[in-house]
Amino acid sequence: MKEKKSLNLLAPFESFVDKFKVPLSILVGAFLIAVPFLGASRVAMRNLVMIFLYAMLGMGLNVLLGYVGQVSLGHAGFYAIGAYTSAILTTTYGWSFWTGAIAGACVAALIGFLLGLPTLRLSGTYLTIVTLGFGEIVLMVLRQWESVTNGNYGIRSIPVPELFGWELTLSNGGFYWLILFLSTVTAIACYTIKNSNAGRTLIAIKEDELAATMMGIKTTRYKILAFVVSAFITGLAGAYYSVINNGYIEPNNFVFNYSIQILSVVIVGGMGTIRGMYFGSALLMMFPQVFRFLNQWRFVIYGLLLVLMMQFRPQGALGWQSTLPYKLPRRAKKALAEREKAKTVQ
Amino acid sequence: MALLQAKEITMQFGGLLAVDSVSFHVDKGEIVSLIGPNGAGKTTVFNMLTGVYEITSGAIEFEGKEIHRKTPQEIVDMGISRTFQNLRLFGKMRVIENVLVGTHIRTKYNFFDGLLRTPRYQKEEAEKTLKAIDILESIGLGDKINELASNLPYGDQRKVEIARAIATDAKLILLDEPAAGMNPAESEELLRFIRELRDKGYTIILIEHDMGVVMNISDRIYVLDHGKMIANGLPREIANNPQVIEAYLGGKREK
């Protein structure tokens with residue numbers, strides 16, 4: 001019953017948003033940019049930063065899980081590679097955050113490529129186990145390769161990013177604006193990928209791999225592409241994380257739990273969607289905070305919610321199918337309009 | 001020279017001889033039907049032609065080039081495309097997106113063109129979209145391009161599969177029971193569409209159970225039974241062939 005009602009509301013809601021998308025995005029964008037001036041507490045700002053960070057991590061995994069349908073339980077590994085690469089380059093070699101972050105993302109993408117090359121021929125479950133192992137191996141390397149990673153002591157005094165001499169911190173809003181920027185760029189990139197040949201191809205592979213093959217799609221190549229893009233985004237998020245954690249990262253910041261947390265964001269929010277990543281992240285980050293009064297029980301409730309979710313809404317909270325018509329490329333729309341005109345003239 | 005030539009192709013799965021040195025050819029611009037009782041090996045032949053199975057022995061030539069050692073992707077690229085007996089649409093994608101996936105193999109712009117929406121992406125994406133719309137309109141699905149493929153009625157889903165196969169720019173289209181699940185009016189319309197395809201220069205191989213459809217549309221017919229080719233010829237020859245009647249009815253017809 002409830003499902004029906006929400007469906008009825010969805011079409012007008014979507015067409016409303018679509019109709020006013022320019023003023024709405026200006027409004028929401030202006031509000032989001034203005035948030036640091038609203039006098040929120042440090043804790044609130046920190047929470048907000050984490051929400052956007054996990055939305056970005058969710059979008060990274062979403063490319064793999066939501067588009068091409070491969071489950072990864074080792075994304076904390078890519079997260080760690082991005083963070084450590086960037087942290088080592090900025091502390092030991094004096095690189096700026098910006099170049100360090102790009103390098104971190106690229107190294108994560110490269111490792112993703114090397115990992116994907118042999119493993120993506122494996123089907124679903126086996127791949128998942130490999131990624132699980134990958135996450136643990138990364139953790140082991142971080143703990144044991146002391147000359148580079150400083151082992152369990154972690155890396156200290158990671159400098160904060162600087163932009164034309166202005167130091168970005170949590171209290172001056174810099175951290176917030178930076179992740180707002182990074183997650184927005186990521187969201188736009190995911191959107192354009194999804195609505196291009198590559199994105200369609202990935203979703204086709206998820207929907208029916210044999211049929212995709214018979215359309216001439218080189219499925220392994222596209223799975224590797226998804227793995228690389230996913231690792232790149234996750235590595236970039238890792239580089240960001242390395243600077244906001246009071247200038248300090250250690251292997252414990254990248255344990256298995258974080259892989260699960262990223263996975264939960266994607267599943268709760270709605271696999272394959274971008275809006276769902278923001279929502280899933282907000283829900284997951286805020287839940288333990290809001291329900292603090294439940295003490296130890298909050299995680300029981302949290303687990304229960306996840307189970308209920310899987311049972312009754314497996315597509316995720318915001319995982320609805322769009323009711324809007326297919327968005328035609330601009331030039332195609334123009335050509336169709338001209339055709340229509342020619343027809344009426346005749 | 002024949003467009004497609006299968007020379008004594010054999011498919012063996014362990015002890016099971018699914019297709020036993022079958023030979024046939026298809027000329028350009030023909031509609032050729034492959035018929036036979038259930039389990040005769042018709043779909044297996046399609047899987048051999050499209051590279052899903054690696055044939056045990058024999059040879060397949062398409063436009064004079066051997067294709068039986070090529071991957072399915074290479075075979076699609078050469079111009080052979082197919083539909084599936086049990087529908088294999090991309091259910092959660094829209095109808096137009098399904099057809100656009102068919103254009104994948106002819107899409108030249110790369111990942112970064114799509115990511116950054118370069119002029120190359122914009123030009124080609126528009127071309128491909130228009131092409132997909134044209135194909136869908138020609139098959140009578142012009143008003144359904146926005147629907148999710150899985151929401152369509154069965155007959156329409158079959159049409160989307162055909163549209164998707166056409167979108168690969170195939171010269172030879174293999175249709176695996178295209179009329180299954182269609183009502184008489186729908187299959188009549190489908191027949192007209194398949195003929196139109198032939199008139200446009202496509203060559204078609206058809207697997208079909210509906211004898212009305214087969215006899216009506218085929219230029220030539222091959223009959224498979226238990227993996228062996230038992231007859232071939234014009235529709236009216238096949239209809240009167242005692243071996244074919246025996247294969248279908250399981251015994252000689254009383255006269």
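Start with D134(B) and R339(A). Show their side chains: the two meet in a salt bridge, 2.8 Å from N to O. This is a predicted model, so treat each stop as a feature of the prediction. The count of salt bridges between chain B and chain A is 3. Polar contacts come next: 13 residue pairs across this interface qualify, with both residues at pLDDT 80 or more.

**The chain B side**

Now colour chain B by element. Which elements give two or more residues to the side that touches chain A? Select helix 2 (72-78), strand 6 (80-82), helix 3 (95-102), helix 4 (111-116) and helix 5 (119-138) of chain B. Keep helix 5 of chain B highlighted. It gives the most to this side, with 11 residues. Recolour by class, and the side of chain B that touches chain A shows 20 nonpolar, 12 polar and 11 charged residues.

**The whole interface**

Select both faces. On chain B, 43 residues are in contact with 39 residues of chain A. Together the two chains bury about 3,600 Å², with 65% of that on carbon and sulfur atoms. Pick out Q73(B), H104(B) and F111(B). Within chain B, these residues lose the most area to chain A, together 18% of what that side buries.

**The second largest pocket**

Move to V185(A), A189(A), F232(A), I233(A) and L236(A). Of the 23 residues that line the second largest pocket, these are the closest to its centre. The pocket holds about 550 Å³ of space. Where does its lining come from? Show helix 5 (97-119), helix 8 (174-194) and helix 11 (219-244) of chain A, then add helix 4 of chain B; each supplies at least two lining residues. Helix 8 of chain A has the largest share, 8 residues. Colour the lining by class: 22 residues are nonpolar, 1 is polar and none is charged. Helix 4 of chain B is also among the elements on the side that touches chain A.

**The cavity**

Last stop: the cavity. The structure holds 1 cavity of 30 Å³ or more, and the largest has a volume of about 30 Å³. To find it, select L73(A), G74(A), A76(A), L132(A), G135(A), E136(A), F254(A), V255(A), F256(A) and S259(A), which line it. Helix 6 (124-144) and helix 12 (256-269) of chain A each supply at least two of the lining residues. Helix 6 of chain A gives the largest share, 3 residues. By class, the cavity lining divides into 6 nonpolar, 3 polar and 1 charged.

Methods:
Residues are numbered from 1 along each chain as its sequence is written. Chains are lettered from A and ligands numbered from 1 in the order in which they are written. This is a predicted model: local features need pLDDT of at least 70, side-chain atom pairs count only at pLDDT 80 or more; totals for chains, interfaces and linings use all residues. Side-chain values use heavy atoms; hydrogens and water are left out. Contact means heavy atoms within 4.5 Å. Buried area is the accessible area (1.4 Å probe) that two parts lose on being put together, summed over both. A salt bridge is a side-chain nitrogen of Lys or Arg within 4 Å of a carboxyl oxygen of Asp or Glu. A polar contact is a pair of N or O atoms within 3.5 Å; within protein, one must be able to donate a hydrogen and the other to accept it, and residues adjacent in sequence count only if both atoms are side-chain atoms. Helices (H or I, at least four residues) and strands (E, at least two) are DSSP runs, numbered from the N terminus. Ala, Val, Leu, Ile, Met, Phe, Trp, Tyr, Cys and Pro count as nonpolar, Asp, Glu, Lys and Arg as charged, and the others, Gly among them, as polar. On a 1 Å grid over the protein atoms alone, a cavity is a set of points where a 1.4 Å probe fits but cannot get out, and a pocket is an open set with protein on both sides within 12 Å along at least five of seven lines; lining residues have an atom within 4 Å of a point. Grid points are joined across faces, edges and corners, and a volume is the space filled by probe spheres set on the points.
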